[in-house]
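This report goes through side-chain interactions, burial and contacts in one protein chain. Please keep the sequence and the structure open while reading.

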Amino acid sequence: MRTAADRIRHAVSFELIALLIVTPIASWLFGKPMFEMGIVVIVSATVATAWNYIYNLGFDHALRRFTGSVRKTVPMRVVHAVLFEGGLLVVLMPFTAALLGVPMVEALFVNASFALFYLVYAFVFNWAYDLIFPVPEVRAAPENSRA
């Protein structure tokens with residue numbers, strides 16, 4: 001398992017590197033000033049963190065109420081992920097539209113582009129992080145072993 005310090009380094013470096021990558025690319029791609037796109041990226045990351053907590057809490061409560069458990073099957077995980085991203089897009093669209101002065105449809109496109117970027121980025125970043133900062137292999141003793 002990773003230490004708390006390692007998890008903090010992971011989270012902070014994930015967000016900072018993403019900010020450094022996505023802000024200039026989004027500025028160029030959407031023809032908006034870097035400062036404005038930087039604000040959109042920072043606020044989006046902050047809102048996504050809060051949304052993650054609120055959404056998962058609500059989803060788990062609903063799941064337990066309707067199924068009696070919070071265990072998720074593969075299809076339920078797909079539903080969970082799609083609803084999370086869809087909800088995040090809906091939450092962020094008015095802010096993005098207002099800040100950038102664009103119609104809601106364009107704000108949806110901007111936020112969907114961010115979601116796609118973060119999907120690929122998270123995969124690549126986490127793989128690279130694990131290569132650069134590997135966790136030492138520690139094998140757990142089998143449950144049936146005698147000490």
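The text below takes up the aromatic residues, then the salt bridges, then some single residues. The model is predicted.

**Aromatic residues**

The structure contains 15 aromatic pairs. One of them joins F125 and Y129, whose rings are stacked, with 5.9 Å from centre to centre and 25° between the planes. Helix α4, which covers residues 104-132, holds both F125 and Y129. The two are four residues apart there, or about one turn of the helix. Both F125 and Y129 are buried.

Y129 also pairs with F133. The geometry of Y129 and F133 is tilted, with ring centres 4.8 Å apart and planes at 45°. The tilted label applies because an angle under 30 degrees would count as stacked and one over 60 as edge-to-face.

How do Y129 and F133 stand with respect to solvent, buried or partly exposed? Y129 has a relative accessibility of 3% and therefore counts as buried. F133, with a relative accessible area of 31%, is partly exposed.

The two pairs belong to a wider group. F14, F117, Y118, Y121, F125, Y129 and F133 make up one aromatic cluster.

**F133 and its surroundings**

F133 sits in the segment after α4. Setting aside residues up to four places away in sequence, F133 touches R2 and R9. R9 is placed over the face of the F133 ring, 3.7 Å from the ring centre. Between F133 and D6 the C-alpha distance is 8.7 Å, although 127 residues separate them in sequence.

F133 is also part of a nonpolar surface patch. The patch consists of L116, L119, V120, F123, V124, W127, L131, I132 and F133, and together these residues have about 1000 Å² of accessible area. One of the patch members, L131, lies in helix α4. L131 counts as exposed because its relative accessibility is 63%, and the cut-off for exposed is over 50%.

**Salt bridges**

Side chains of opposite charge can pair when their charged atoms come close. Four salt bridges are counted in this model. Three pairs are listed here with their N to O distances.

| Pair | N to O distance |
|---|---|
| R2 and D6 | 2.5 Å |
| D6 and R9 | 2.5 Å |
| K72 and D60 | 3.1 Å |

D6 takes part in a salt bridge with R2 and in another with R9. Which of these residues are buried, and which is partly exposed? R2 is buried at a relative accessible area of 17%, and D6 is buried at 10%. R9 is partly exposed, at 38%. D6 and R9 both belong to helix α1, residues 4-30, where they are three residues apart; about one helical turn therefore separates them.

In the pair of K72 and D60, the side chains meet at 3.1 Å, N to O. K72 lies in the loop between α2 (34-67) and α3 (74-100), while D60 is in helix α2, so the salt bridge ties together parts that are twelve residues apart in sequence. K72 is partly exposed with a relative accessible area of 22%. D60 is likewise partly exposed, at 26%.

Where salt bridges share partners, they join residues into networks. R2, D6, R9 and D130 are joined into one network in this way.

**Two residues of helix α3**

T96 lies in helix α3, and so does V82. Is each of them buried or exposed? T96 is buried, with a relative accessible area of 0%. V82 counts as exposed because its relative accessibility is 54%.

Apart from residues up to four places away in sequence, T96 touches V40, G101, V102, A107, V110 and N111. For V82, a distance to Y129 is available: their C-alpha atoms are 26 Å apart, and the two residues are 47 positions apart along the chain.

**Recap**

R9 appears in several of the descriptions above. R9 forms a salt bridge with D6, lies over the face of F133 and belongs to the network with R2, D6 and D130. F133, in turn, is a member of the aromatic cluster and of the nonpolar surface patch.

Definitions and conventions:
Residues are numbered from 1 along each chain as its sequence is written. This is a predicted model: local features need pLDDT of at least 70, side-chain atom pairs count only at pLDDT 80 or more; totals for chains, interfaces and linings use all residues. Side-chain values use heavy atoms; hydrogens and water are left out. Rings of Phe, Tyr and Trp (its six-membered ring) pair if their centres lie within 6.5 Å; planes under 30 degrees apart count as stacked, over 60 as edge-to-face and the rest as tilted. Buried means under 20% relative accessible area, exposed over 50%, partly exposed in between (1.4 Å probe, protein chains only). A charge sits over a ring if NZ of Lys or CZ of Arg is within 6 Å of the ring centre and within 35 degrees of the ring normal. Patches are made of residues with over 30% relative accessible area and no salt bridge: like charges are joined within 9 Å, nonpolar side chains (Val, Leu, Ile, Met, Phe, Trp, Tyr) within 5 Å. Accessible areas come from the Shrake-Rupley method with a 1.4 Å probe; for residues, only the protein chains shown count as cover. Contact means heavy atoms within 4.5 Å.
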